[in-house]
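Here are my notes on this one, written up as numbered points. Have the viewer open while you go through them.

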Amino acid sequence: MIPYGRQEVTQADIDAVVTVLKSEYLTQGQMVPRFEDALAARVGARYAVAFNSATSALHAACLAMDLGPGDELWTSPNTFVASANCARYCGAGVEFVDIDRDTWNMSTARLRELLVRRPTPKIVVPVHFAGQPTEQERIWELSREFGFRVLEDASHAIGARRNGEPVGSCRWSDITVMSFHPVKIITSGEGGMALTNSAQLAERLRLIRSHGISRDPSKFQDCGGLRGEDGSFPAWYYEQQTLGFNYRMTDIHAALGLSQLDRVDQYVERRNELAGRYSSALQGVALQLPRVRAENYSAMHLYAVRLIGPRDVRRHRQVFEALRGAGIGVNLHYAPVHLQPYYRALGFMSGHCPEAEAHGASAITLPLYPGLHESDQDRVIDTLKSALGHG
Ligand SMILES: *Cc1c(COP(=O)(O)O)cnc(C)c1O
């Protein structure tokens, strides 16, 4: 089977992990802060806070921005469920903003329309689908005009740029979250990162990540009056100041992530080359190919195509199964989140986001990863063409 995505682990990665295993600290050592600092420097954000997954980071980001019952979070329906679930963990409501038919990202025009008509949500979560940046500066402008916070889900987009600005710089958002699941561009096994330029948000993210516990004497509330005359506290002293979780990344995972970080640009470049090969080979075939806007450099996490012509669920399935049957691990990104049974039970119905629904009924993700051999890629292309009836 040619998978749709696959990680690459080098000897340098293995050595980095083994070094941690032989060291004193498996967690809460130096690798996590080193991974955080290296990623923050690479994307140009002031602070980075590592988590054990992007899902945890999204949850913590929502809590750090005070999302709670009675609030709403708006996101794209064309995403992984975690982009929406983070609101539900906080007891908040979710709304889905339909996608743009060219980029398959949340439509900025549709977002504006909804903002005019509806009570303002607390947080909007744009998702850089497949690695293509959203119209982040326009979303940021809307956030200034209407008064909401912006949380970028950049799980697909490490290494991407918009007008030269790296995704993750948080120039046009409050917090950006990235994922290091093995299927993503680089991996730490499991892991995620929250990036921000706000010292206050970074501090809250760190508290939430580790039980709500602070060990910073300058932040102690000292309700028990334990501060000594010289201002110091007993060596055992710490304070739980809010309700947090154990969402920490281990040093083992951070060592792998940090080692992989060196290869982000190389990986993204290779992904773009392979995507270019798909696009030239599939010119003239009855498919909508990815459209990357001139101002964007996509991380090309996914190469998704859409069947064109009238919506036909049976044909979609047939093409999909013809490829799977030939040992090609095609996938669907995404069945619209609002039509998952969990969200239907909250009242969402088909027709709510027509473009995302059309996407879910016609999209096919083709295998794409840096180690994909061109001969395997050619087989994907030929099999797809014949499944579509092109010679
Ligand atoms: C993978 C993914 C997540 C979740 O990432 P984890 O690190 O697996 O928790 C969230 N959002 C999107 C868009 C993703 O693709």
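1. Before anything else, keep in mind that this is a predicted model. Every distance and angle below comes from predicted coordinates.

2. Let's start with the ligand. Which residues come nearest to it? There are 16 residues around the ligand, and the nearest are T55, D153, H156, S179 and K184. For T55, a polar side-chain atom sits 2.5 Å from a ligand oxygen atom. H156 also faces a ligand oxygen atom, with an N or O atom of its side chain 2.8 Å away. With S155 the partner is a nitrogen atom of the ligand, and the distance to a side-chain N or O atom is 3.4 Å.

3. Next, the packing of helix α2 (residues 31-43) on helix α8 (residues 251-261). Their axes come within 8 Å and cross at roughly 30°. With angles under 35 degrees counted as roughly parallel, that makes α2 roughly parallel to α8. The handedness of this crossing is left-handed. On the α2 side the contact uses M31, V32, R34, F35, A38, L39 and R42, and on the α8 side D251, A254, A255, G257, L258 and L261. Sorted by class, the α2 contact with α8 comes to nine nonpolar, one polar and three charged residues.

4. Helix α8 has another partner to look at, helix α1 (residues 11-21). How do the axes of α1 and α8 cross? They come within 8 Å and cross at roughly 155°. Since over 145 counts as roughly antiparallel, α1 is roughly antiparallel to α8. The α1 and α8 crossing is right-handed. From α1, the residues involved are A12, D13, A16, V17, V20 and L21; they meet D251, I252, A255, L256, S259 and Q260 of α8. The class count for α1 with α8 is eight nonpolar, two polar and two charged residues. If you want to click through α8, D251 and A255 appear in the contact with α2 and also in the contact with α1.

5. A further helix pair is α10 (residues 313-325) with α13 (residues 374-387). Here the axes are 9 Å apart and the packing angle is about 145°. The crossing of α10 and α13 is right-handed. V319, A322 and L323 supply the α10 side, while V380, T383, L384 and A387 supply the α13 side. In this contact of α10 with α13, six residues are nonpolar, one is polar and none is charged.

6. Now R248, which belongs to the loop between β11 (239-240) and α8. What does R248 touch, leaving out residues up to four places away in sequence? The list is Q28, F51, N52, R209, S210 and H211. With S210 there is a side-chain to side-chain polar contact at 2.9 Å. R248 also brings distant parts of the sequence into view: T27 is 221 residues away along the chain, yet the two C-alpha atoms are separated by 8.4 Å.

7. Two backbone details to finish. The peptide bond joining H333 and Y334 is cis, with omega about 0°; Y334 itself is in the loop between α10 and α11 (341-344). The other detail is N163, in the loop between β6 (161-162) and β7 (165-166). N163 is not a glycine, but its phi is positive, at about 50°.

Technical notes. Residues numbered from 1 in each chain as written. Predicted model: local features only at pLDDT ≥ 70, side-chain atom pairs only at ≥ 80, totals over all residues. Heavy atoms only, no water. Axes fitted to C-alpha atoms, helices over the stretch in contact; angles between N-to-C directions. Helix = DSSP H or I, 4+ residues; strand = E, 2+ residues; numbered from the N terminus. Parallel < 35°, antiparallel > 145°, perpendicular 65-115°, else oblique. Left-handed = near helix turned anticlockwise from the far one by under 90°. Contact = heavy atoms within 4.5 Å. Nonpolar A, V, L, I, M, F, W, Y, C, P; charged D, E, K, R; others polar. Near = heavy atom within 4 Å. Polar contact = N/O pair within 3.5 Å; in protein donor to acceptor, adjacent residues only side chain to side chain.
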